[in-house]
Amino acid sequence: MIENKDYYVINREEWNDYLSNESPHRQVTISEEQLEKITSLNDELTSQDAYEVYKPITELISVYLENYKLLTDKRDYFLGIKRSMPPFIIGIAGSVAVGKSTAARLLQIFLSQFYPELQVALATTDGFIYPNKILKEKGIMDKKGFPDSYNMPALIDFLKEIKNGHEHIPYPTYSHKVYDIIPDKMQYLDKPDIVILEGINVLQFPSNTNIYLSDFFDLSIYINADEDIIEQWFYERFKLLVNNARNTPSDYYYKFNLMSEDEAMAYATKVWHDINLVNLHEYILPTRPNANIVIHKEAHHRISELWLKKY
Ligand SMILES: Nc1ncnc2c1ncn2[C@@H]1O[C@H](COP(=O)(O)OP(=O)(O)O)[C@@H](O)[C@H]1O
Ligand SMILES: CC(C)(COP(=O)(O)O)[C@@H](O)C(=O)NCCC(=O)O
């Protein structure tokens, strides 16, 4: 392990040694079928990767969770309150196309197995992006994903409802295929014990409020990679989305099948450079120091290092 003023930096080879023997009754496993579902757009993730990296991360999360339970219990006892534990919220941040959703789905599987008695739910902040109609009215259609494109007050209310233990909490649905919010298609969180919330903005300080989203997180993770590599993942995902849409004219990505490959890729390159890369530089990367854990990936999504914040 290397350390600097901010982090303990642990490389991939060492990381597996941190698996403790303290919870032998809490075994986690992942089937090939589950892996396939998780990486529906890509088949590079192996079960070895999943085990070697995400299993010890699951154990580390359990350290935070046990501490959270204890603190909540003690504080409630002090106040004379009796209630069930408010959900433990994990935030997962990082660039567009860095692999947040994939990491979030893996953690959901592992945490559900580690804690079979707890409900582990997954949500994404994409649902709080304003519908395209509103983005157009605001003149920020080319700034989708930037702080002003999110309905932050609604996202904060959603987090408050979670922490207040509300049942059946609705939140809107964003679809990459439609490239928009799907009207009236709400998703619901039903009494989760652990919520994994992923999104590019989860560690930001919303401009029109005086609250950090990270105040709601009991643990935060930033998925990191060099920007040239993320750019390639963005193009790979773009090509896969275009290919998957080839027989579905209603799909946003269908139209790129009617162009030459060069033309389609020129479009994707422009979107990356004019929108997602600017967003990464100006608004996403600056939030990395707010994360408790940084997962650093290299080419082929290989996790090479974990940075654990010291404070
Ligand atoms: N660990 C991984 N192994 C292989 N492919 C991955 C992995 N994580 C993400 N991907 C692929 O990279 C692309 C971007 O991942 P995704 O989870 O959609 O990113 P995000 O949610 O950050 O936008 C997708 O094509 C996805 O299948
Ligand atoms: C909706 C998003 C902001 C969400 O990011 P993601 O789920 O990919 O992390 C992003 O996919 C997006 O649409 N960005 C705008 C430019 C583009 O990629 O088309």
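Visitor: Hi! Where is Lys74 found?

Guide: Lys74 is found in helix 3. Bear in mind that this is a predicted model.

Visitor: Is Lys74 buried or exposed?

Guide: Lys74 counts as exposed, because it has 10 C-beta neighbours inside 10 Å, and the cut-off for exposed is 12 or fewer.

Visitor: And how many residues separate Lys74 from Ala291 in sequence?

Guide: They are 217 residues apart in sequence, and their C-alpha atoms are 26 Å apart in space.

Visitor: Let's stay with helix 3. How many residues does it have?

Guide: Helix 3 covers residues 47–79, which gives 33 residues. From its first C-alpha to its last it reaches 45 Å, close to the 48 Å expected at 1.5 Å a residue.

Visitor: Where does helix 3 bend?

Guide: The bend is at Tyr54 and comes to about 30°. A proline, Pro56, follows within four residues.

Visitor: Which residues of helix 3 are buried?

Guide: Tyr54, where the helix bends, is one of them. The others are Val53, Lys55, Ile57, Thr58, Ile61 and Leu65.

Visitor: What covers those buried residues?

Guide: The cover includes two helices, helix 1 (12–15) and helix 4 (100–114). It also includes strand 3 (88–94), strand 8 (219–224) and strand 10 (303–309).

Visitor: What does Gly80 do just after helix 3?

Guide: Gly80 takes a positive phi of about 70° there.

Visitor: Which residues other than glycine have a positive phi?

Guide: His168 is one of them, with a positive phi of about 55°. Lys191 is another, with phi near 45°.

Visitor: Where do those two lie?

Guide: His168 is in the loop between helix 6 (152–163) and strand 5 (169–175). Lys191 is in the loop between strand 6 (180–189) and strand 7 (194–198).

Visitor: How exposed are they?

Guide: His168 is exposed, with 10 other C-beta atoms within 10 Å. Lys191 counts as partly exposed, with 13 C-beta neighbours inside 10 Å.

Visitor: You mentioned strand 3. What about Ile89, is it buried or exposed?

Guide: Ile89, which lies in strand 3, is buried, because 24 other C-beta atoms lie within 10 Å. The cut-off for buried is 20 or more.

Visitor: What is Ile89 in contact with?

Guide: Leaving aside neighbours within four places in sequence, Ile89 is in contact with Ile162, Val195, Leu197, Phe216, Phe217 and Asp218. Of these, Val195 and Leu197 fall within strand 7 (194–198).

Visitor: Now the ligand. Which residues are around ligand 2?

Guide: They are Val96, Ala97, Lys100, Asp126, Ile129, Lys144, Gly145, Ile200, Val271, Ile275 and Asn276. By class, that shell has six nonpolar, two polar and three charged residues.

Visitor: Which helix gives the most to that shell?

Guide: Helix 8 (residues 261–284) does, with three residues.

Visitor: Lys100 is in that list. Which residues of helix 4 are buried?

Guide: Lys100 is among the buried residues of helix 4. So are Ala103, Ala104, Leu106, Leu107, Ile109, Phe110, Leu111 and Phe114.

Visitor: What should helix 4 span?

Guide: Its 15 residues should span 21 Å at 1.5 Å a residue, and the end C-alpha atoms are 21 Å apart, which agrees.

Visitor: And helix 7, what does it reach end to end?

Guide: Helix 7 (residues 227–244) has 18 residues and reaches 25 Å between its first and last C-alpha, close to the expected 26 Å. Its buried residues are Ile230, Glu231, Trp233, Phe234, Phe238 and Val242, and what covers them includes helix 8.

Visitor: Time to zoom out. How many helices and strands are there?

Guide: The protein has eight helices and ten strands.

Visitor: What radius of gyration does the protein have?

Guide: The protein has 20 Å, and a compact globule of 311 residues would have a value near 19 Å, so the two agree. Along its principal axes the C-alpha trace spans about 60 × 40 × 40 Å.

Visitor: What share of the residues is buried?

Guide: Buried residues make up 34% of the 311 residues.

Visitor: Last one: what share of contacts join residues at least 24 apart?

Guide: Among contacts between residues at least 6 apart in sequence, the share is 70%.

Conventions:
Residues are numbered from 1 along each chain as its sequence is written. Chains are lettered from A and ligands numbered from 1 in the order in which they are written. This is a predicted model: local features need pLDDT of at least 70, side-chain atom pairs count only at pLDDT 80 or more; totals for chains, interfaces and linings use all residues. A residue is near a molecule or strand if its C-beta atom, placed from the backbone, lies within 6 Å of it. Ala, Val, Leu, Ile, Met, Phe, Trp, Tyr, Cys and Pro count as nonpolar, Asp, Glu, Lys and Arg as charged, and the others, Gly among them, as polar. The expected span of a helix is 1.5 Å times one less than its number of residues. The bend at a residue is the angle between axes fitted to the seven residues ending there and the seven starting there. Two residues are in contact if their C-beta atoms, placed from the backbone, lie within 7 Å. The radius of gyration is taken over C-alpha atoms; the globule rule is 2.2 Å times the number of residues to the power 0.38.
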